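This report walks through selected local features of one structure, from backbone geometry to surface patches. Please keep the sequence and the coordinates at hand while reading.

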Amino acid sequence: MSVPFTRHRRLRQSAAIRSMVRETVLNPADFIQPIYVTFGTGVKQEISSMPGVYRFSLDRLEEELKEISELGIPAVLLFGIPETKDSVGTSAFVDDGIVQEATRLIKSRYPELLVVADTCLCEFTDHGHCGMVHMHEHDGEVCGEVLNDESLKVLVRTAVSQARAGADIIAPSNMMDGFVQAIRQGLDLEGFSHIPIMSYSVKYASAFYGPFREAADSAPQFGDRKSYQMDPANAREALREAESDVLEGADMLMVKPSLSYLDVMRTIKDQFDLPMVAYNVSGEYAMVKAAALQGWIDEKAMVLEILTSMKRAGADMIITYSAKDAARWLKQ
């Protein structure tokens, strides 16, 4: 007797069959591990809202780099916490800045490890915004406006200083209009035409960044970032942002955060033929860690499912604080 339905379960009946027909496969080579570097000596300070993630002084960075390299993770994303801050973020572009010094250290000891330099100003400005700020009075109140074109000049200086220090990839995350074009021109003029730009093309004004602001000491001192980061309700706008970056010379496109924006990532991946980067951000990491520490979830299963969903949605590489854990689990 013929059976009036399809036997889909035939391809699920054993681990071996499921493995052979699996469409999306994670690999440690997919991951980029974020690292926070800070001034001082002997510093390995756990970030309270991100268990298992630390700030490292340069003299303690070796232990982290060794572990990352041994796990087969090919790249790190550098964030710096400077000793001093000012209104223009000078510490972001000086040759002896914390990110520049960390880059030189990494490339001298682990030359095969790719250094991705986050190019933004929020960690380095005393006001915590991602660009230059004009303070003015409005209706009797002191207000601040983030200036676009003036910010581009400082961001270019920052990108060039990072490239000069040995960064392999420049990753501008500031969301100023025209930032890819400005940085591409600045890099090319200084002899760094070979350095690719990993653009934070679609960066939403998200509630998922909370733990990062503790980690990077980068909370804005007034207002918020909604005037330059994207409205979480908008998807078509993301296509316009990505298209601008493609036309301006971006080599890779990013969606940040990723977990709540898989639809956006898939759309952009289908529209543009460039490598796609997912950023599994601090709040996503913190939620999973908190639930795991309470014994409410299977952390390994959930992390790998989340990362798989990002790759399935089109990510070619994933920035994730779970990179080391995931790499260990995948090797088991």
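## Elements and backbone exceptions

Helices (H or I, at least four residues) and strands (E, at least two) are DSSP runs, numbered from the N terminus. The model described here is predicted. In these terms, Met175 is placed in the loop between strand E8 (169–172) and H5. Although Met175 is not a glycine, its phi is positive, at about 65°. Most residues other than glycine have a negative phi, and most peptide bonds are trans. Met175 also counts as buried, because its relative accessibility is 4% and the cut-off for buried is under 20%.

A further exception concerns a peptide bond: Lys256 and Pro257 are joined in the cis form, with an omega of about -10°. Pro257 belongs to the loop between strand E10 (252–256) and helix H8 (262–271).

## Helices H4 and H9

For H4, the 18 residues should span 26 Å at 1.5 Å a residue, and the end C-alpha atoms are indeed 26 Å apart, so the two values agree. The buried residues of H4 include Leu152, Val154, Leu155, Val156 and Val160, and among them are also Ser151, Thr158, Ser161 and Gln162. Just after H4 comes Gly166, which takes a positive phi of about 115°.

Helix H9, covering residues 282–293, has twelve residues and reaches 16 Å from its first C-alpha to its last, which is close to the 16 Å expected at 1.5 Å a residue. Because nine of its twelve residues are buried, H9 is largely enclosed by the rest of the structure. The buried residues are Ser282, Gly283, Glu284, Tyr285, Ala286, Val288, Lys289, Ala291 and Ala292, a list in which the charged side chains of Glu284 and Lys289 appear. Just after H9, Gly295 has a positive phi of about 75°.

## Salt bridges

The whole structure holds 19 salt bridges. In one of them, Glu67 pairs with Lys324, and the closest N and O atoms are 3.3 Å apart. This pair links distant parts of the chain, since Glu67 sits in helix H2 (residues 61–70) and Lys324 in helix H11 (residues 323–331), 257 residues apart. With a relative accessibility of 27%, Glu67 counts as partly exposed, whereas Lys324, at 11%, counts as buried.

Glu67 also meets Arg328 in a salt bridge, with an N to O distance of 2.6 Å. Because Arg328 lies in helix H11 and Glu67 in helix H2, this pair ties together parts that are 261 residues apart in sequence. Arg328 is partly exposed, with a relative accessible area of 31%.

Another salt bridge is formed by the side chains of Arg164 and Glu190, at 3.8 Å from N to O. Arg164 lies in helix H4 (residues 148–165) and Glu190 in the loop between helix H5 (179–189) and strand E9 (198–203), so the contact ties together parts that are 26 residues apart in sequence. Both partners count as partly exposed, Arg164 at 46% relative accessibility and Glu190 at 45%. Salt bridges that share partners join Glu64, Glu67, Lys289, Glu299, Lys324, Asp325 and Arg328 into one network. Of these, Lys289 is one of the buried residues of H9.

## Surface patches

Arg7, Arg9, Arg10 and Arg12 gather in a patch of positive charge on the surface. Arg10 is located in the segment before H1 and is exposed, having a relative accessible area of 53%. Leu11, found in the segment before helix H1 (15–20), contributes instead to a nonpolar surface patch of about 330 Å², which is made by Leu11, Met20 and Val21.

A negative surface patch is formed by Glu145, Asp149, Glu150 and Asp177. Within this patch, Glu145 has its place in strand E7 (residues 141–147) and counts as partly exposed, because its relative accessibility is 40%.

Definitions and conventions. Residues numbered from 1 in each chain as written. Predicted model: local features only at pLDDT ≥ 70, side-chain atom pairs only at ≥ 80, totals over all residues. Heavy atoms only, no water. Patch = residues over 30% accessible without salt bridge, like charges linked within 9 Å, V, L, I, M, F, W, Y side chains within 5 Å. Areas by Shrake-Rupley, 256 points an atom, 1.4 Å probe, with all protein chains shown as cover. Salt bridge = Lys/Arg side-chain N within 4 Å of Asp/Glu carboxyl O. Charge placed at Lys NZ, Arg CZ, Asp CG, Glu CD. Buried < 20%, exposed > 50% of the residue type's maximum accessible area, 1.4 Å probe, protein only. Expected span 1.5 Å × (residues − 1).
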